[in-house]
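Here's a quick walk through the model in front of you, from one annotated span to a helix, a single serine and the contact between the chains.

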There are 2 protein chains.
Amino acid sequence: MKPVTFNCTVLRDGHQSLAATRMSTEQMLPIAPILDGMGFSALETWGGATIDAGLRFLGELPFDRLDALKKAAPKTPHMMLLRGQNMVGYTNYADDVVEAFIKCSVKHGMNIFRIFDCLNDPRNMETSIRAAKAAGAQAHGTICYTTSPVHNVESFVELGKQIAAMGADAIVLKDMAGLIPPSETFAIVDGLRKAVDIPVWIHTHDTAGLGASTLIAGIDAGAGAVDVSIAPFANGTGQPDCLRMLALLKGNPRCPEYDAEKLVEVQAMLQPIYESLSKFTSHKNEVVDSDTLRYQVPGGMLSNFRTQLQEQGMSDKFDEVFAEIPVVRKALGWIPLVTPTSQIVGVQAMMNVKFGRWKNITPQAADIALGYYGHTPAPVDPDVQKLCAEKMGKEPITCRPADLIKPGMEDLRAKLAAKGLPTDDETCVIYAMFPQQLEDYYNPNKPKPEAPTAKPAPAPASIASIPVTTAGCSAIINGNKMTLNIGGQTHEIVVQEL
Amino acid sequence: MKPVTFNCTVLRDGHQSLAATRMSTEQMLPIAPILDGMGFSALETWGGATIDAGLRFLGELPFDRLDALKKAAPKTPHMMLLRGQNMVGYTNYADDVVEAFIKCSVKHGMNIFRIFDCLNDPRNMETSIRAAKAAGAQAHGTICYTTSPVHNVESFVELGKQIAAMGADAIVLKDMAGLIPPSETFAIVDGLRKAVDIPVWIHTHDTAGLGASTLIAGIDAGAGAVDVSIAPFANGTGQPDCLRMLALLKGNPRCPEYDAEKLVEVQAMLQPIYESLSKFTSHKNEVVDSDTLRYQVPGGMLSNFRTQLQEQGMSDKFDEVFAEIPVVRKALGWIPLVTPTSQIVGVQAMMNVKFGRWKNITPQAADIALGYYGHTPAPVDPDVQKLCAEKMGKEPITCRPADLIKPGMEDLRAKLAAKGLPTDDETCVIYAMFPQQLEDYYNPNKPKPEAPTAKPAPAPASIASIPVTTAGCSAIINGNKMTLNIGGQTHEIVVQEL
């Protein structure tokens, strides 16, 4: 069996998980070319929360980042996380908007779309998979791992078969909460590999200290590629560090080759960026968050929740609200907890505790109960569904939700034109998801957020690339200065930061 | 194959690795009985650095701690780490002193002696193994894992055979730096299990994020027991957390059963102790110390070293000194790095950089080169050995070093008597290792160190044990107060901290 390959997530999930998605394009640019030369199977550079956060907190236009990163790292395939019919927003969008978003992304350099649905409803991945392939990119269909009485190895393998039948180029096992035990990882990957003939990739988090072992088990079961990041934007709530994975795989017949010295250099370059984002960094002193294991929810949901309960003056209700989460999940058909369902279930659990169970139902929770997010893993509780139908004044549906949404691009374009904003496809698709943020971006009277600008440490690579060993040539390096002697002639060189 | 069992290290290596050995007996006592009821195969409660640190920093007499912990946890076997002929000191001691130390320890309740030698020289474990068995305790012989050109799976298995032939009750694979890759762990444990018919146990650290995976690989290869700790005194530079290991082993046919809810309670009890020791706690923000992988030395050695180099005004020489470590190790016969060799090699590397290679040799390094610590894994560099012999004015030896040490107990007793101190065996053996600290302890004019006294959080168990569900009986719990109604009569009860 061939060596496993690594995807590097540091420019997307690494800082999303460990620094609240606050790394700016400017900070990434000196790192990207080095990563590009390391032989990763993919660089995850875009998608997930980066588009929302970039607009909201950094004043960056999403496609500008993609352009810049693609230019800085043209060799390695770029990869993005896409929430299927939710794109990178929090609700379902029209098929033509999804198609346009994917087409634009490919045009700007995206190569691999990792497509998931928060309910694991394959119908919500259909349009994205088709559009990605039509645009000449790879479509990876994703299984969101979760624990519940209706989820097991067989059900995940069955979902994998459906995803493969939709024409996906690979299947990704996505463990957003870092909860898969190694033995189950092995069983799922092994089951998938026997059931389908496309590669199986793995994405996990080390939140509860299981991530690295999960990856090893998956590699032993034949996973084609796994996601790693680079410290300090690694481990903890992020992906296991690349150097650490290399050490763990030493002696494993599938151990890949990556340049450890170069990784140490990239770590050193990333360090000042990490420190500059200290207000947002989330490594905990305790290293491993065993509460994740206890409550079986993603770490991000836990920390958001503590904040929200505090804001509501409900801090003393933490245990009660968390005990309510499985109640809500069960009533809503044991849906996984991943953006946006993690928020929806969390808020509903809080409401149930605050006002009494199902006394106050959020429109989002009602939409899940009524089928407007898609098919749930188990049937929705009929009483809760009936209650939601009454309260919201609408009927349950069973069709693919996007079938009820009329095409949106022309409407978006008209709205933008009316506001005097650009009307190209790129602006339309971002406007569909983040209208207010985009209007703010173009409003000269709105104060602009300031992106962090702390630079990475200078790359030693810019020095190392000088061939100091050539005959008749010598170099003395002192800090960022170098005295270069070629054929007897001396040149004083200052190595600039990239 | 039977389920693996866990040894709990929180009362010894847990706080030694993560809080500079500062947990006091007073802080441990409320926790010990709970641990005692959890079914661990052993509680590591004593030995290692705890005796030195207890005397030096906490003003505690070592055997008093053992007595107290044994009384608090009488059911589970107590285990200690013993440096073979070095006992819990830093040099070789006479056989009669080692024998007396072990006899006293057994008398005060010690059940399992985990015996290692810093050079992996089995002759330095002989007396301890014999004495432990003679006193009716278990003797576990230990293999110190290290990386070098002369260490490999075969050499470790060969050492295991020698240890088994000496009558050890078990073999422990001790990975003090947290460097064993899982595949090598599997190979060593598997090799040992095929070569010997005594149990193989594993001890590691999660410093570089490998520890948990190492334990899983060892369990898959048939390890009988593995060391875990309890958060927050777990993970990072300590042993993997017990709850985390349970999650990792879910679905593994050898997964043991431990009460997860009780573990959560113990974590909550430990939290205020951990916080009270914040001056000493050593979890790093970066979670995983990949420098350990880079330099292949124990994490504790790295942090000590940074401090020592700073004190010497040599902080800028860090890389140079670290590059010198393999040079020193090679010259000294590729000795493992573990107390006390880690200090000896580190200091010599610093000297070599500061004064020129081998210009200035410490007496300890010279003693290693001359055989006074025992047989080295590879031959000592003959030039370095010659230099050491000249500088120290003594000849190399090849016998078991303790054969040259004359019995010591009567001399120790006479010295103590002359100073008016107690002359029992317990005082003699501690005086052998820590004369100054013991004199200070008994000197009324010396200021006594203050042991930390922050109490553990009250054990919820003390409330939960009231049968609140009995008919005709109700209880309302509010903080540490309880209103108990039995047969219509109300009792106000205050639940005291243990």
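## The annotated span

Residues 4-264 of chain A are 43% helix and 16% strand, and their end C-alpha atoms sit 21 Å apart; helices (H or I, at least four residues) and strands (E, at least two) are DSSP runs, numbered from the N terminus. UniProt, in an unreviewed entry, lists these residues as "domain: Pyruvate carboxyltransferase". UniProt positions are given in the numbering used here, feature names are shortened, and annotations may be inferred rather than shown by experiment.

## How far to trust it

This is a predicted model, in which local features need pLDDT of at least 70 and side-chain atom pairs count only at pLDDT 80 or more, while totals for chains, interfaces and linings use all residues; side-chain values use heavy atoms, with hydrogens and water left out. Residues are numbered from 1 along each chain as its sequence is written, and chains are lettered from A and ligands numbered from 1 in the order in which they are written.

The average pLDDT (the predictor's confidence in each residue, from 0 to 100) is 91 for chain A, with 90% of the residues scoring at least 70. Watch residues 461-471 of chain A, though: pLDDT stays under 50 there, and the model gives them 14 contacts beyond four places in sequence. Contact here means heavy atoms within 4.5 Å. Where pLDDT is low, the predicted coordinates should not be read in detail.

## A helix on the inside

Helix α20 (residues 425-433) of chain A is largely enclosed by the rest of the structure, because eight of its nine residues are buried (under 20% relative accessible area, with exposed over 50% and partly exposed in between; 1.4 Å probe, protein chains only). Among those buried are Cys428(A), Ile430(A) and Tyr431(A). The cover over them includes α4 (50-58), α5 (62-72), α6 (95-107), α19 (409-418) and α21 (435-442) of chain A.

## One serine

Ser342(A) belongs to helix α16 (residues 341-355) of chain A. Its relative accessible area is 6%, so Ser342(A) counts as buried. Setting aside neighbours within four places in sequence, Ser342(A) is in contact with Met301(A) and Leu337(A).

## Where the two chains meet

A turn of 180 degrees, with a shift of 0.0 Å along the axis, lays chain A on chain B with an RMSD of 0.0 Å (superposed by least squares on the C-alpha atoms of residues with pLDDT of at least 70 in both). The two copies are therefore related as by a two-fold rotation axis. Both use the same surface: 100% of the contact residues of chain A recur in chain B.

Chain A puts 33 residues into the contact, and chain B 33 residues. Between them the chains bury about 2700 Å², 58% of it on carbon and sulfur atoms; buried area is the accessible area (1.4 Å probe) that two parts lose on being put together, summed over both.
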